[in-house]
Amino acid sequence: MEIMEIKKNFIIDVPTKEVWSVSGDQFGQACNWATGLYHSEDIGKPTIPGAPSTNRARVTYQGDIKEEVRVYLETGKPSLAKSKELAKRAA
């Protein structure tokens, strides 16, 4: 089975704390804040400190999707060097 990985970067112009209160704390409840999702839920106990779960399952019009948490930063902006280090570890 081939695994597809999609990466996209974008800027969200609000304080980090506000972003995490939705996308981090409500990771498993993405269907409440993301369009195109019929259902979403957390799966598995967290293996990364602070993360709400290990995986997320989503049901979309394109089918079922399972996502894995690889990096989770609760607060603040990591430095560029730290971001590169985390990206290498997540790859």
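Which residues make up the largest nonpolar core here? Keep that in mind as we go. One caution before the answer: this is a predicted model.

The core has 5 residues in all: Phe27, Ile48, Ala51, Val69 and Tyr72. As background, nonpolar side chains tend to be buried together in soluble globular proteins.

Take tyrosine 72 from that set. Leaving aside residues up to four places away in sequence, tyrosine 72 touches Trp20, Gly24, Asp25, Ile48, Pro49, Gly50, Ala51 and Pro52. Two of those names, Ile48 and Ala51, are core members as well.

Next, serine 53. Serine 53 sits in the loop between β1, residues 37-43, and β2. Is serine 53 buried or exposed? Serine 53 is buried, because its relative accessible area is 1%, and the cut-off for buried is under 20%. Its contacts beyond four places in sequence include two core residues, Phe27 and Val69. The others on that list are Asp42, Ile43, Gly44, Lys45 and Pro46. Serine 53 and valine 69 are 16 residues apart along the chain, yet their C-alpha atoms are separated by 7.5 Å.

Look at the polar side of serine 53. Its side chain makes a polar contact of 3.0 Å with the side chain of aspartate 42. The serine 53 side chain also reaches the backbone oxygen of asparagine 55, at 2.9 Å.

On to arginine 56. Arginine 56 belongs to strand β2, residues 55-60. Arginine 56 counts as buried, because its relative accessibility is 8%. What does arginine 56 touch, not counting residues up to four places away in sequence? The list runs Phe27, Gly28, Ala30, Trp33, Glu41, Ile43, Ile65, Lys66 and Glu67. Two of these deserve a closer look. A polar atom of the arginine 56 side chain lies 2.8 Å from the backbone oxygen of phenylalanine 27. Phe27 is, again, a member of the core.

The second is glutamate 67. Glutamate 67 forms a salt bridge with arginine 56, with the closest N and O atoms 2.6 Å apart. Glutamate 67 lies in strand β3, residues 63-68, and arginine 56 in strand β2, so the pair ties together parts that are 11 residues apart in sequence. In general, side chains of opposite charge can pair when their charged atoms come close.

How many salt bridges are there? The count comes to 2. Arginine 58 and glutamate 67 meet in a salt bridge too, at 3.3 Å from N to O. Arg56, Arg58 and Glu67 are thus joined into one network by salt bridges that share partners. Burial varies across this trio. Arginine 58 is buried, with a relative accessible area of 18%. Glutamate 67 is partly exposed, because its relative accessible area is 21%, and buried requires under 20%.

Now strand β1, where we find leucine 37. Leucine 37 counts as buried, at 12% relative accessibility. Beyond four places in sequence, leucine 37 touches Ala30, Cys31, Arg58, Val59 and Thr60. Arg58 brings us back to the salt-bridge network. Leucine 37 and glycine 63 are 26 residues apart in sequence, and 9.7 Å apart from C-alpha to C-alpha.

Last stop, the surface. Phe10, Ile12 and Val14 make a nonpolar surface patch of about 290 Å². Isoleucine 12 is in the segment before α1, residues 16-24. Isoleucine 12 counts as partly exposed, at 43% relative accessibility.

Note on methods
Residues numbered from 1 in each chain as written. Predicted model: local features only at pLDDT ≥ 70, side-chain atom pairs only at ≥ 80, totals over all residues. Heavy atoms only, no water. Helix = DSSP H or I, 4+ residues; strand = E, 2+ residues; numbered from the N terminus. Buried < 20%, exposed > 50% of the residue type's maximum accessible area, 1.4 Å probe, protein only. Polar contact = N/O pair within 3.5 Å; in protein donor to acceptor, adjacent residues only side chain to side chain. Contact = heavy atoms within 4.5 Å. Core = buried A, V, L, I, M, F, W, Y, C linked by side-chain atoms within 4.5 Å. Patch = residues over 30% accessible without salt bridge, like charges linked within 9 Å, V, L, I, M, F, W, Y side chains within 5 Å. Areas by Shrake-Rupley, 256 points an atom, 1.4 Å probe, with all protein chains shown as cover. Salt bridge = Lys/Arg side-chain N within 4 Å of Asp/Glu carboxyl O.
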